Amino acid sequence: FPVTIVWGNAYEDEAISIFSELCDKEIIKPGFISANDYFGGTPDGIAADNSFGIEVKCPYNPAIHLDNLFLDSVEFAKARKEYYYQIQGYAILPGIEDWYFISYDPRQQSQFQLRHLHIPKDKAISEKIEQKLKLATFVLTSNKFTNGPKVREFESVWSKWVGAKHSLFVSSGSTANSLLIAAIKEKFGLN
């Protein structure tokens with residue numbers, strides 16, 4: 001594993017323990033939580049009384065943690081968009097609406113080691129995520145994954161976006177490569 005992942009995993013439990021003491025709540029690791037057959041996640045922790053959930057990051061690069069110290073929830077949504085949406089996705093899973101982003105770096109002076117930021121469930125974003133999940137679930141369960149109306153819609157939108165007359169959605173990279181080779185042979189008379 002990359003050193004960044006090893007570092008993060010090594011200090012995650014320590015961060016959870018410190019935050020647990022700070023808020024005087026027992027925090028459990030819930031493991032994988034499934035919303036349905038196609039969507040789920042593994043939050044880093046949930047309060048034992050289900051009052052909140054947490055997502056912990058222990059950046060290997062201390063500058064990232066120092067940046068996190070100065071973010072408010074609005075700035076966090078912009079600067080750490082990937083984590084913000086991760087938390088909003090988790091807010092759908094167990095039905096917990098209050099979440100905390102925790103940044104932890106044990107190399108800092110004690111007063112700067114842990115930053116916790118309240119990230120409430122954003123109902124508008126949750127609705128968008130749920131709409132996308134419904135659409136994805138429909139496509140995956142419709143048996144029209146590689147040849148159906150949503151595929152044709154995607155091909156049309158993609159063609160416009162890249163400025164092409166046509167585009168073709170295929171089921172794998174191997175199929176795409178085979179079609180590319182066939183097109184090159186056809187164009188240059190190499191059959």
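**A guided tour, from helix α6 to the salt bridges**

Begin by selecting F154, which is found in helix α6 (residues 149–162); helices (H or I, at least four residues) and strands (E, at least two) are DSSP runs, numbered from the N terminus. This is a predicted model, in which local features need pLDDT of at least 70, side-chain atom pairs count only at pLDDT 80 or more, and totals for chains, interfaces and linings use all residues. Residues are numbered from 1 along each chain as its sequence is written, and side-chain values use heavy atoms, with hydrogens and water left out.

F154 is partly exposed, its relative accessible area being 43% (buried means under 20%, exposed over 50%, partly exposed in between, with a 1.4 Å probe and protein chains only). Add W158, W161 and V162 to the selection: together with F154 they make a nonpolar surface patch of about 470 Å². Such patches consist of residues with over 30% relative accessible area and no salt bridge, nonpolar side chains (Val, Leu, Ile, Met, Phe, Trp, Tyr) being joined within 5 Å and like charges within 9 Å. Areas come from the Shrake-Rupley method with a 1.4 Å probe; for residues, only the protein chains shown count as cover.

Turn next to the open sheet, whose 5 strands follow the order β1-β4-β5-β6-β7 with mixed pairing. Its edge strands, β1 (27–28) and β7 (114–120), each pair on one side only; two strands pair if DSSP finds at least two bridges between them. Select residues 53–57 and 98–104 to see β5 and β6, which pair in the parallel sense over 5 bridges. Here E55 stands opposite F101 in β6.

Keep E55 selected and add K57: the two form a salt bridge, with the closest N and O atoms 3.0 Å apart. A salt bridge is a side-chain nitrogen of Lys or Arg within 4 Å of a carboxyl oxygen of Asp or Glu. Both E55 and K57 are buried.

The structure holds 6 salt bridges. For another, select K25 and D49, whose closest N and O atoms are 2.5 Å apart. K25 lies in the loop between α1 and β1 and D49 in the loop between β4 (45–47) and β5, so this pair ties together parts that are 24 residues apart in sequence.

Finally, select K29 and D13, whose side chains meet in a salt bridge (2.8 Å, N to O). This pair links distant parts of the chain, with K29 in the loop between β1 and β2 (33–34) and D13 in helix α1, 16 residues apart. K29 is partly exposed, at 49% relative accessible area, and D13 is partly exposed, at 47%.
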